[in-house]
Each structure stands twice: as structure tokens, then as C-alpha cells.
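Please look through the model shown here, and let the paragraphs that follow lead you from one part of it to another.

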Amino acid sequence: MSHIGRRRFLQGSTALAVFSSIGASPTNYYQSSETDDRGYWIQVLARVSGPVLKALSQRRLRAEMPVEVPSGNLADRRQFTHLEAMGRLLTGIAPWLESGPDSGVEGKLRNQYAEWSRIAIQSATDPASPDFMNFNEGSQPVVDTAFLSLAILRAPKQLWQKLDSKTQRAVIAALESSRVIRPPYSNWLLFSATVEAALSFMGVWWDPMRVDYALRSVESWYKGDGVYGDGPPFHWDYYNSFVIQPILLNILDTVSKSSNAWDLYRRAAMVRAQRYAAIQERMIAPDGTFPPIGRSLCYRFGAFQLLAELSLRRQLPEGISPQQVRSALTVVMRRMIDTPGTFDERGWLRVGFCGHQPEIAEPYISTGSCYLCSAAWLPLGLPVADPFWSGSAMPWTSRKAWGGEQLSADHTIPD
């Protein structure tokens, strides 16, 4: 990529330094070594995040972000797309913002992005800001208020403790205002519960009933072998990973600090999460492709949020090494990010699964929706010395299987 091309999506000298230090080839899907995988992930993070955070740091997101709405309902989605972009992006980069030293090229980039992220939250919650966002009109805002809440839970120091008191009060008011939204009987119950979990973390009144209703409902939707329904029916899609299982784990972790009322769910939730993560790892083909099944495919590699979550927690299923997960996710990202059409000429994400494919968009999809791809970057919260990053690249399960290598048998888990 040219120097001019890099400047379109990397804002600031530190970001440019990080990008130019990476020698990964954009077309070579498996040849990256263990020494440059993290560099490539940082490159992707910076490329995707830069336009959003830079614009928000200047209170110009509404002015600068294009709003692609393939379904044509522009006026409707324009009400929500900016909160989608911010909340979804922050939920994925939060562990990286929270971790690591302040020194070095990556540390300087992290510091810059953390500062921009805090300004973004301030801009989004300040009623006087041109980027003040909609947290309570329509139904969509409860989704992305929850993703913002999850980001704060994942980066409590950088995205909460370092906020000034005025901004903290504004965030609390924004979260509380989303309570007017009544979520449908689906994964959306977890969004309301996430907001309440975040309020419990913030030390203000929170509603245990919203949490209890969501957790009991999700438990009743369990179908077996690590899979929950999205509501009573079963759907072939990636919502167990986009939302249900990673958010469930984070809610349980958070509310356990205030009450032990839901501790009985925690062990089963982790066993099921590990089984589903094992399934996800096996679904990544030798060439880094995975089945384009179900709705919301424009979230791209955000489909692997649960696999990324368990990597971050160092709780991957038995028999799956962190190195093979890193290797698999790196190849997935290369295929999707480096496909022509993924970005517009100014570096903003476009709607699609692999490239620009607006025809796959559901009516609720717009530009901001696409930034949930960030959820795959959670392992960047692990230190460089962690085996996830420091270990040699390893083939993942399907690569072993189709390469004739030895691999363990796959087994279901008891209900």
C-alpha cells in the first residue's frame, strides 16, 4: 500500500509509524510469521478505527461519516448509525486500550486511541455536541448503548476512571435514558441487561429484574451442545457469538460483584461457551473462509467474538492452543480486509461480507453497523509475551484435518 493510501486511514504520526513498521503482504493469507501477526492486527485495528475516532475527537463524525443504507431507509438509519459506529468499535478495541505499556510505537498509538476514545464518549454524551447521539428514541439505541456499556466494562480504567466527573454523569444519564426502550423477546434482552450491569459497575442504582429476566430467558432458550436459541426458535446464524454468549459471560462477571444471585449460571455458561468456541474454530476452513450463514453477515469477522473472548480470558477449550486461534483469525482477517471494496476511498467501511456486497444487508444495516467486526480483536488485550502472540504459528483444526495431520476427535457436551 502506498504512503498516500496509508494516510487516508491512519491519522497522526504514531499511527503511521505503526503501519509502516509492518511488512505483512496483503495478499499472502498464511505466510505471516509469529513475529508479524500482532503487527498485522494492529494495522487492521488502526485502519478501521482511525476514521471513526479521529472524526469523533473533532466532533465531526456526523459531518464526515458516510451513511450507506442499501435498503434505502436512510432517514430511519441515520438516527442510529453514529452510535452504532462508536459503540461497536469501542467494544472491540477496549481490551487493547486497557492493556500494555505506554512506551514504544504500539504504546504511543494505544495512548492516542485511548485519548480519542474518551473524547468520543464525551462528544457522544454532551447535549451541546454536534455529535450528541441518540440513546433513547426508537428501539435500536438499546443495542449500541449496550455495546458502549460493554466497552466500558472491558476497559474500566481507560474508558471510565479516566473520564472527568461531568462526562461520567453524562454517560450514566445516557445509559439510564435507554430504559424507555422495551426490547423484543430475543437476544435484545441481553442488551438491556448489559446496560444495567454497567450501571451496577458505575455504582448507581441498577435494576436486577432486567438482569434476572434476561438471564432466565436465555437459559430457557438453550438447545444443547453449546448452542442457545435467539429467543425460543433456533436460527442458523452467528448470534451466539455476535451477542449471546460473550455478553452473557460479561454480564455474569459484572453482576457477581454486586450479588451472588446468578452464580449458579456461571459454570454452565462457560462450559457451553467453550463448546461453541470449539465449533467456531473448526468452522474456519484451511484457506480462512467460513460459512456465510444467517443474518448480519456484514459484521464480518465479528462473527468470532466468542472465540476471541475466550482467548482473551485464557479459557479456550481443551485441545485448542492460542497459537492456532491466532493463526486462524489472522487468515480470516487477511481475506476479508484485503478484499477490494471493503473500504471506500476515504477509508470508511462499506457494507459487505467479503468486499462490497450491499445486497446482503438487512433493513437494519448501515455503515455504523459494520464496525462490530472489531469484536474479533479482543486478544489484543493480551500482552505481547502471552502464548497467543509469542508462540509459533500453528495450523488450526480444519487445516490439520484437510492436510492429513493428526487431530483429536470432536465430541458433544452433555445438555
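Two rings of Phe, Tyr or Trp, the last taken by its six-membered ring, count as an aromatic pair if their centres lie within 6.5 Å. By that rule the structure, which is a predicted model, holds 20 aromatic pairs. One aromatic cluster is formed by Tyr238, Tyr239, Phe242, Phe290, Tyr299, Phe304 and Phe353. Aromatic rings also have charged neighbours here: Arg272 lies over the face of Tyr222, at 3.7 Å from the ring centre, and Arg334 lies over the face of Tyr40, where the distance to the ring centre is 4.0 Å.

From rings we can turn to charges. Side chains of opposite charge can pair when their charged atoms come close. A search of the whole structure finds 23 salt bridges, and a few of them show what such contacts can join. Within one helix, the side chains of Glu106 and Arg110 meet in a salt bridge, with 2.8 Å from N to O. These two residues are separated by about one helical turn, because Glu106 and Arg110 are four residues apart in helix α7, which covers residues 104–125. Both Glu106 and Arg110 are buried.

Other salt bridges reach across the sequence. The side chains of Asp225 and Arg275 meet at 2.8 Å, again given from N to O. Asp225 lies in the loop between β1 (222–224) and β2 (227–228), whereas Arg275 belongs to helix α14 (residues 266–283), so this pair ties together parts that are 50 residues apart in sequence. The two partners can also be described by their exposure: Asp225 counts as partly exposed because its relative accessibility is 21%, where the cut-off for buried is under 20%, while Arg275, with a relative accessible area of 8%, is buried.

Helix α14 takes part in a further contact, in which Asp410 forms a salt bridge with Arg282, and the closest N and O atoms of that pair are 3.6 Å apart. Since Asp410 lies in the segment after α18 (397–402) and Arg282 in helix α14, the pair ties together parts that are 128 residues apart in sequence. Asp410 is partly exposed, with a relative accessible area of 40%, and Arg282 is partly exposed as well, at 29%. Salt bridges can also be joined to one another, as in the network that links Arg154, Asp253, Arg266, Glu309 and Arg313.

What does the length of a single helix tell us when it is set against the expected span? Helix α6 (residues 81–98) has 18 residues, which at 1.5 Å a residue should span 26 Å, and the 25 Å between its end C-alpha atoms agrees with this. The helix nevertheless has a kink of about 45° at Gly92, shortly before the proline Pro95. Its surroundings leave α6 mostly covered, with 17 of its 18 residues buried. After α6 comes Gly100, whose phi is positive, near 85°.

Why does Cys354 not bond to the closest cysteine sulfur? That sulfur is in Cys373 and lies 13 Å from the sulfur of Cys354, which is too far for a bond, given that a disulfide requires two cysteine sulfur atoms within 2.5 Å. Cys373 is itself in no disulfide, for the nearest cysteine sulfur, that of Cys370, is 7.8 Å away. In agreement with these two cases, a search of the whole structure finds zero disulfides. As for their settings, Cys354 is partly exposed, with a relative accessible area of 31%, whereas Cys373 is buried, at 2%.

Cys370 appears again when sequence and space are compared. Leu349 and Cys370 are 21 residues apart in sequence, and their C-alpha atoms are 6.8 Å apart in space. The place of Leu349 is in the loop between α16 (322–337) and α17 (387–390), and Leu349 is buried, with a relative accessible area of 3%. For another pair, Gly229 and Thr125, the separation is 104 residues in sequence and 34 Å in space, C-alpha to C-alpha. Gly229 is found in the loop between β2 and α13 (239–255), and at 0% relative accessibility Gly229 counts as buried.

Technical notes. Residues are numbered from 1 along each chain as its sequence is written. This is a predicted model: local features need pLDDT of at least 70, side-chain atom pairs count only at pLDDT 80 or more; totals for chains, interfaces and linings use all residues. Side-chain values use heavy atoms; hydrogens and water are left out. A salt bridge is a side-chain nitrogen of Lys or Arg within 4 Å of a carboxyl oxygen of Asp or Glu. Buried means under 20% relative accessible area, exposed over 50%, partly exposed in between (1.4 Å probe, protein chains only). The expected span of a helix is 1.5 Å times one less than its number of residues. The bend at a residue is the angle between axes fitted to the seven residues ending there and the seven starting there. Rings of Phe, Tyr and Trp (its six-membered ring) pair if their centres lie within 6.5 Å; planes under 30 degrees apart count as stacked, over 60 as edge-to-face and the rest as tilted. A charge sits over a ring if NZ of Lys or CZ of Arg is within 6 Å of the ring centre and within 35 degrees of the ring normal.
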